[in-house]
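Hi there,

Here is the structure I promised to pass on to you. Have a look at it first, and then read my notes below with the picture open beside them.

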Amino acid sequence: MLTADSRDPAAAPRLLLTLLAIALLWPGIQLSELDLGVLLHSDSQTEMGRFISGFWPPAHDHDFLQLLLKATLQTLAIATAGMALALLLAVPASLIASRALSLSAASRSGIPSRLGRLLRWPVRGLLIFLRSVPEIVWALLFVRAVGLGPAAGVLAIAITYSGMLGKVYAEIFESTDQRPAHALMQAGSGRLAAFAYGILPNVAAELLSYTVYRWECAIRASVVMGFVGAGGLGQQIDLSLRMFASGEVASMLLTFLILVLGADQLSRLLRWRLT
Amino acid sequence: MTLSLKQGRLHHANGVDALRGVDLQIAVGEQVAIIGPSGAGKSSLLNLLATALRPSSGEIEVLGERPWHLPARQRQRLRARIGLVHQAPPLPPRQRVVTAVLAGKLGQWSVGKSLLNLLHPTDIPGARAALARLDLGDKLFAYCQQLSGGQLQRVGIARVLYQAPEILLADEPVSAMDPVLAGHTLSILSQHARAHNVTLVASLHAVELALAHFPRIIGLRDGQILFDSPAEQVSREMLDTLYANEQLQSPTTPSAPLIVQIPRC
């Protein structure tokens, strides 16, 4: 079938890799109990069909819209307050954890001293701990501690996101050209000033876009946490789902779409201003 | 002696012996040029004198202090009195020229003043004066990324002039300029040094420029000093030995490609 002149030496490895990928994926599908056949059963189809057919028209009576507005504002407030609290911890932690501010690295061709590396570890460990527990778990914990309501969501976002922001900020600082900051430190400037003059100008756009993206994620997370009683749009979706009010669910999903779209545009605007 | 180096050796992490036992004494107000083939250790020597790099062995004394025996804070204070002009000025592309020049005094300013200066430049006349001496007064509010290589080098020099250090070290400060501008810029540096009794040490690629502007010439080859003599005594033979069998390929500068890999979720 394959003559010598049309033989591709890469064909056999490719075939092998494909088989390997399937062999690895199959147990995964089995383990996650995925059975697409269920979707084709007639009773589940009519059930879903009834629910989805209720999506049109989306609920838009006056009382509901007022409720929706309040829930949306609450969601935005949870996400924003959570991010603000997270930044309070993430910014100092990232400055400590990043090798970019190492004074010893400046005169050792980029490699910090052993003591410096040792001191950075506890901070990295703290950031790992903060982000390793999912925000929904923190939310469940805080709902018990401070009661039902948005406060639990704010605290949960603050804790998880400070871990994520701190880690990524520290890596962004390290991923840019270190020479400007090193040159400043070699000319006697302090670390913070060297950071502000040598590193910040290069990374500002990246930092901003990542922060806005995280804010968008925080909006989504606050909705999920609403399901466990942390207020906002999520709690409303949960209530409407329980009452099979599909029109209301549709309106809220649309609101959601608009929020994410808005965050995307904001990020684009800010990036355009900065670059 | 404002600068003194005894048996200075520098061993780079990549296994290269950049300096192999250099003895050097430079007095206050002297103007010295370092010449030599590429890879001779000129930049290493200047970085050592600037206390930017620590010698692998040997003793260095700068402005009467031994920088590597000082605690970090005092070493930073000593470094603020030394200015180093880099060959490729390390300026962030998205920084304004005025900020880049004012950054020269960061070592002398408090953190509060440094951060305030980012919001609004505190000394615009000072930055303009430093730039005007290098004919760059009109670029005060341009971004560094808008400048050419030669203009950036002059911004780097303006930063050090603004810093007003007691020792001015310059690593190939005019390598990206045309001959006329290079000569003009060097004479500005030496005028500044003479007027303020500043010690000036510059490494230079072009021998003619070194002989024309500096009274004392140090020839560096293979990490060792080949000759150290007044400019008028530098002979053709000395230069021929200094540059003998120079390999034509310039050493590749070790600039690791930046890999930006940021997890997104």
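Let's start with Ala23(A), which sits in helix α1 of chain A. Please keep in mind throughout that this is a predicted model. Is Ala23(A) buried or exposed? It counts as exposed, because 9 C-beta neighbours lie inside 10 Å and the limit for being exposed is 12 or fewer. To get a feeling for distances, look for Leu269(A): it is 246 residues away from Ala23(A) in sequence, and the two C-alpha atoms are 45 Å apart in space.

The helix around Ala23(A) fits that picture. Helix α1 of chain A covers residues 11-31, which makes 21 residues. From its first C-alpha to its last it reaches 31 Å, close to the 30 Å expected at 1.5 Å a residue. How many of its 21 residues are buried? The count is 0, so α1(A) is hardly covered. After α1(A) comes Glu33(A), with a positive phi near 55°.

Now move along chain A to helix α3, residues 62-97. Its 36 residues should span 52 Å at 1.5 Å a residue, and the end C-alpha atoms are 51 Å apart, so the two values agree. There is still a bend to find in this helix: α3(A) has a kink of about 30°, centred on Leu87(A).

Another place to visit in chain A is Gly149(A), in the loop between α6 (135-146) and α7. It is partly exposed, because 17 other C-beta atoms lie within 10 Å, which falls short of the 20 needed to be buried. Gly149(A) is 77 residues from Gly226(A) in sequence, yet their C-alpha atoms are 8.5 Å apart in space.

Next, look at where the two chains meet. Chain A gives 24 residues to the contact and chain B gives 31 residues. On the chain A side, the elements that contribute two or more residues are α7 (150-175), α8 (179-186) and α9 (191-226). Which of them gives the largest share? That is α9(A), with 7 residues. Sorted by class, this side of chain A has 12 nonpolar, 9 polar and 3 charged residues.

Chain B has its own internal division. Domain 1 takes in 1-81 + 165-247, while domain 2 takes in 88-164. The C-alpha centres of these two domains of chain B lie 24 Å apart. Where they touch, domain 1 supplies 14 residues and domain 2 supplies 13 residues. On the domain 1 side, α2 (72-79) and α7 (179-195) of chain B each supply at least two residues, and α7(B) has the largest share with 5 residues. The residues on this side of domain 1 divide into 10 nonpolar, 3 polar and 1 charged.

That brings us to the inside of the model. In soluble globular proteins, nonpolar side chains tend to be buried together. The largest nonpolar core here has 128 residues, and those that touch the most other members are Ala156(A), Ile157(A), Val101(B), Val155(B), Ala158(B) and Leu169(B). Both domains of chain B give residues to this core, so it lies between them. Try clicking on Ile157(A): leaving out residues up to four places away in sequence, its contacts include Ile78(A), Met83(A), Glu135(A) and Ala221(A).

Still in chain B, find Leu136(B), in the loop between α5 (124-133) and α6 (149-163). Although it is in a loop, Leu136(B) counts as buried, because it has 20 C-beta neighbours inside 10 Å and 20 is enough. Beyond its neighbours within four places in sequence, Leu136(B) is in contact with residues including Leu131(B), Val155(B) and Ala158(B). Its C-alpha atom is separated by 10.0 Å from that of Leu152(B), 16 residues apart along the chain.

Finally, here are two backbone angles to check in chain B. Leu63(B), in the loop between β4 (57-62) and α2, has a positive phi near 50° without being a glycine. Asp222(B), in the loop between β8 (216-221) and β9 (224-230), also is not a glycine and has a positive phi of about 55°. Leu63(B) is partly exposed, with 17 C-beta neighbours inside 10 Å, and Asp222(B) is partly exposed with 14.

Happy exploring!

Notes
Residues numbered from 1 in each chain as written. Chains lettered and ligands numbered in written order. Predicted model: local features only at pLDDT ≥ 70, side-chain atom pairs only at ≥ 80, totals over all residues. Contact = placed C-beta atoms within 7 Å. Helix = DSSP H or I, 4+ residues; strand = E, 2+ residues; numbered from the N terminus. Nonpolar A, V, L, I, M, F, W, Y, C, P; charged D, E, K, R; others polar. Expected span 1.5 Å × (residues − 1). Bend = angle between axes of the 7 residues up to and from the residue. Domains from an automatic or database assignment. Core = buried A, V, L, I, M, F, W, Y, C linked by C-beta atoms within 7 Å.
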